[in-house]
Amino acid sequence: MSNLILFEDIFVVDKLDPDGKKFDKVTRIEARSQNCDMFMHLDVNTEIYPMHVGEKFTMALSHTLNLDGTPDTGYFNPGRKSLADKYEYVMHGKLYKISDDSSGKGLKAEIYVSYGGLLMLLRGEASHVSHFELDQRLFLLIRKL
């Protein structure tokens, strides 16, 4: 299973809509991870998956939902077991920007992913995001703890 998951950590929601509420059904959460000290902005459809300040959740990024690691076909097969079965909220998107910041102490990096217009920024040590590639398709998987 570890070859399926490109990144995984436990996050705590610090703020909701830090720049003000923009959309009725979408909330931008600001969260920080516990193990890798990563910072994240993530747009979540809170009409179907409500999030609250102080909540802990596991967030994983994967290139496929197939348990055997084969590339995803883009078709949903309801009878087949998948990585999504272990999570509550799943989005599919594309990594559209990678940036590095070498100022200050340690090399920091940011990845930006669009999930059909819902955006994610993940920032932290470059070693945690060095294996991501521009235009890579990614699944975001979340489960509350």
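1. Asp17 sits in the loop that runs between strand 1 and strand 2 (26-33), and a reader new to this structure, which is a predicted model, may find this residue a convenient place to begin. Asp17 has a positive phi of about 45° although it is not a glycine. Most residues other than glycine have a negative phi. With a relative accessibility of 16%, Asp17 counts as buried, because buried means under 20%.

2. A second aspartate invites the same kind of attention to the backbone. Asp135, again not a glycine, has a positive phi of about 65°, and its place is in the loop between helix 1 and strand 8. That loop, between helix 1 (126-129) and strand 8 (137-144), is also the place of His131. His131 is partly exposed, its relative accessible area being 35%, and once its neighbours within four places in sequence are left aside, the residues in contact with His131 are Leu6 and Gln136. The C-alpha atom of His131 is separated by 25 Å from that of Glu88, a residue 43 places away along the chain.

3. It helps next to set these loops within the chain as a whole. The protein chain has 1 helix and 8 strands, and, read from the N terminus on, its elements follow the order β-β-β-β-β-β-β-α-β. The radius of gyration of the protein chain is 15 Å, close to the 15 Å given by the globule rule for 145 residues, so the chain is as compact as a globular protein of that length. The C-alpha trace spans about 45 × 35 × 25 Å along its principal axes.

4. Some overall values for burial, contacts, surface and charge complete this general view. Of the 145 residues of the protein chain, 43% count as buried. When contacts between residues at least 6 apart in sequence are considered, 59% of them join residues at least 24 apart. The accessible surface of the protein chain comes to about 8,200 Å², and carbon and sulfur atoms account for 50% of this surface. The chain carries 18 positive and 21 negative charges, and the mean positions of these two sets are 2 Å apart.

5. Which aromatic residues come together in this model? A search of the whole structure finds 4 aromatic pairs. In one of these, the rings of Phe11 and Phe57 have their centres 5.8 Å apart and their planes at 15°, so the pair is stacked. This pair links distant parts of the chain, since Phe11 belongs to strand 1 (residues 5-16) and Phe57 to strand 4, with their positions 46 residues apart in sequence. Both Phe11 and Phe57 are buried.

6. A tyrosine pair offers another arrangement of rings. The ring centres of Tyr96 and Tyr112 lie 6.1 Å apart with the planes at 45°, so this pair is tilted. Tyr96 lies in strand 5 and Tyr112 in strand 6 (residues 108-115), so the pair ties together parts that are 16 residues apart in sequence. As for accessibility, Tyr96 counts as partly exposed at 39%, whereas Tyr112, at 18%, counts as buried. Returning to the phenylalanines, Phe7, Phe11 and Phe57 form one aromatic cluster.

7. Ile10 is likewise found in strand 1. Is Ile10 buried or partly exposed? Its relative accessible area is 24%, and Ile10 is therefore partly exposed. Leaving aside the neighbours within four places in sequence, Ile10 is in contact with Arg32, Ser33, Gln34, Phe57, Thr58 and Leu145. For Ser33, one of these partners, the C-alpha atom is separated by 5.4 Å from that of Ile10, although the two residues are 23 places apart along the chain.

8. The final residue to consider is Asn66, which lies in the loop between strand 4 (56-62) and strand 5 (89-101). Asn66 is a buried residue within this loop, its relative accessible area being 8%. Apart from neighbours within four places in sequence, the residues in contact with Asn66 are Leu4, Pro71, Asp72 and Arg80.

Note on methods:
Residues are numbered from 1 along each chain as its sequence is written. This is a predicted model: local features need pLDDT of at least 70, side-chain atom pairs count only at pLDDT 80 or more; totals for chains, interfaces and linings use all residues. Side-chain values use heavy atoms; hydrogens and water are left out. Helices (H or I, at least four residues) and strands (E, at least two) are DSSP runs, numbered from the N terminus. Buried means under 20% relative accessible area, exposed over 50%, partly exposed in between (1.4 Å probe, protein chains only). Contact means heavy atoms within 4.5 Å. The radius of gyration is taken over C-alpha atoms; the globule rule is 2.2 Å times the number of residues to the power 0.38. Accessible areas come from the Shrake-Rupley method with a 1.4 Å probe; for residues, only the protein chains shown count as cover. Lys and Arg count as positive and Asp and Glu as negative; His and the chain ends are not counted. The place of a charge is taken as NZ of Lys, CZ of Arg, CG of Asp or CD of Glu. Rings of Phe, Tyr and Trp (its six-membered ring) pair if their centres lie within 6.5 Å; planes under 30 degrees apart count as stacked, over 60 as edge-to-face and the rest as tilted.
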